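Open the model in your viewer and keep the selection tool at hand. The stops below follow the strands outward to the domains, the ligand and one loop.

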Amino acid sequence: MLPDIVVRVALAGHRGRTGSELARALEAATDVEYVGGVGRGDDLAAFLARRRPQVLVDFTHPGVALDNALAAVRAGAAPVVGTSGLGPEAVDRLEEACRAVGLGGVVAPNFAVGAVLMMRLAELAAPFFEAVEVIEMHHAGKADAPSGTALATARRLAASKPGGFAHNRPLTVTLPGARGGEEGGVAVHSVRLPGVVADQEVILGLPGQTLVVAHRTTSRECYVPGVLLAVRKVVEGPRFYRGLDELLGLGGLGLG
Ligand SMILES: NC(=O)c1ccc[n+]([C@@H]2O[C@H](COP(=O)([O-])OP(=O)(O)OC[C@H]3O[C@@H](n4cnc5c(N)ncnc54)[C@H](OP(=O)(O)O)[C@@H]3O)[C@@H](O)[C@H]2O)c1
């Protein structure tokens with residue numbers, strides 16, 4: 001039996017590492033009509049005019065994601081942006097563009113449900129611990145360090161502990177960088193290795209005990225449930241969501 005509502009969805013970046021996984025999932029979803037993918041060098045405006053999607057999902061490059069999303073809004077398609085690196089002004093601009101024409105929109109730097117919950121659970125525990133360190137692990141092709149999720153996690157942890165965390169500074173550092181980076185008293189360490197997708201651990205410490213909140217991924221399939229949720233929600237009305245937290249009803253801070 002066909003579902004009541006079928007959403008017409010297009011995808012920018014369909015040949016990419018994440019996009020190719022999402023294209024398969026959009027094809028397979030029974031409540032989605034996948035109207036096709038658009039890549040580098042294609043004429044996005046012409047594609048949108050021809051295929052008339054209700055939603056454009058974007059997993060491309062920080063240099064083009066805002067323009068892609070604004071083009072989608074001009075064509076009447078609600079943007080769902082997974083591309084990382086959109087600054088607050090860019091997100092404000094997109095929200096304004098969506099509001100002006102009565103469309104919904106989503107910008108979420110992390111579409112993995114477990115990652116958003118890992119951040120929230122660590123944030124809940126943080127006020128009870130003296131010190132905390134974040135270890136994020138990503139595939140060798142990742143261009144930046146630390147990950148946006150690790151930085152957002154450190155900021156959220158710092159905000160949840162008004163007295164601040166103890167940050168250990170060794171008397172002697174024999175290998176520069178051994179203690180990682182630091183954000184708000186939270187040490188952040190980045191591992192880059194082939195074989196990893198996108199993992200993160202938050203280790204909280206008190207004398208005599210530690211608590212570890214860990215999120216592990218085994219493939220880019222981890223982004224599929226979050227993106228499908230976004231596609232379904234964004235056509236329900238003109239609401240603009242910042243972060244998967246908001247989509248999940250976690251009362252998001254717009255960071256997940
Ligand atoms: N929010 C999340 O949960 C999440 C998860 C994973 C990744 N990301 C982000 O998503 C983005 C893509 O990541 P990835 O690892 O999939 O990268 P990738 O493998 O390099 O794929 C990027 C894709 O974007 C396409 N592209 C580049 N410029 C374009 C343009 N001007 N117009 C249309 N398409 C264009 C490329 O097309 P060609 O194939 O034609 O070169 C490629 O298919 C990154 O910003 C990454 O940080 C976010």
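Select strand β3 (residues 55-58) together with β4: the two run parallel and are joined by 4 bridges. Strands pair here if DSSP finds at least two bridges between them, and strands (E, at least two residues) and helices (H or I, at least four) are DSSP runs numbered from the N terminus. This is a predicted model, in which local features need pLDDT of at least 70 and side-chain atom pairs count only at pLDDT 80 or more, while totals for chains, interfaces and linings use all residues. Residue numbers start from 1 along each chain as its sequence is written.

Within this pair, pick Val57; its bridge partner in β4 is Val80. Now show the side chains of β4 (residues 78-81). Ala78 and Val80 lie on one side and Pro79 and Val81 on the other, and all of them are buried. Buried stands for 20 or more other C-beta atoms within 10 Å of the residue's own, exposed for 12 or fewer, and partly exposed for values in between, with C-beta atoms placed from the backbone. In a regular strand the side chains alternate between the two faces of the sheet.

Widen the selection to the whole sheet. It is open, with 6 strands in the order β2-β1-β3-β4-β5-β11 and parallel pairing. Because β2 (32-38) and β11 (240-242) are at the edges and have a single partner strand each, one side of each is left without a neighbour in the sheet. Neighbouring strands are turned by 20° against each other on average, direction ignored; axes are lines fitted to C-alpha atoms, for helices over the stretch in contact, and angles run from 0 to 180 degrees between N-to-C directions. At the β11 edge, select β5 (residues 105-107), which pairs with β11 in the parallel sense over 3 bridges. Val106 has Tyr241 of β11 as its bridge partner.

Next, go to the second sheet. This open sheet has 5 strands in the order β7-β8-β6-β9-β10, and its pairing is mixed. Its edges are β7 and β10 (209-215), each with a single partner strand, so one side of each has no neighbour in the sheet. The twist averages 20° from one strand to the next. Add helix α5 (residues 113-125), which packs on the sheet, touching β9 (198-206) and β10, and whose direction makes about 160° with that of β10. Contact between two residues means C-beta atoms, placed from the backbone, within 7 Å. Then select β7 and β8 (residues 186-192), which run antiparallel and are joined by 3 bridges. The bridge partner of Gly181 in β8 is Val188.

Colour by domain: domain 1 is 7-111 + 220-247 and domain 2 is 113-215, with bounds from an automatic or database domain assignment. Their centres, taken over C-alpha atoms, are 29 Å apart. Domain 1 gives 8 residues to the contact and domain 2 gives 6. On the domain 1 side, α7 (224-234) and α8 (244-247) each supply at least two residues.

Which residues come nearest to the ligand? Of the 25 around it, they are Gly13, Gly16, Arg17, Thr18 and Arg40, where near means a C-beta atom, placed from the backbone, within 6 Å. Helix α1 (residues 17-28) provides the largest share of the shell, 3 residues.

Last, select Ala166, in the loop between α6 (148-159) and β7 (181-183). Ala166 is exposed, with 12 other C-beta atoms within 10 Å. Beyond its neighbours within four places in sequence, Ala166 is in contact with Glu130 and Ala131.
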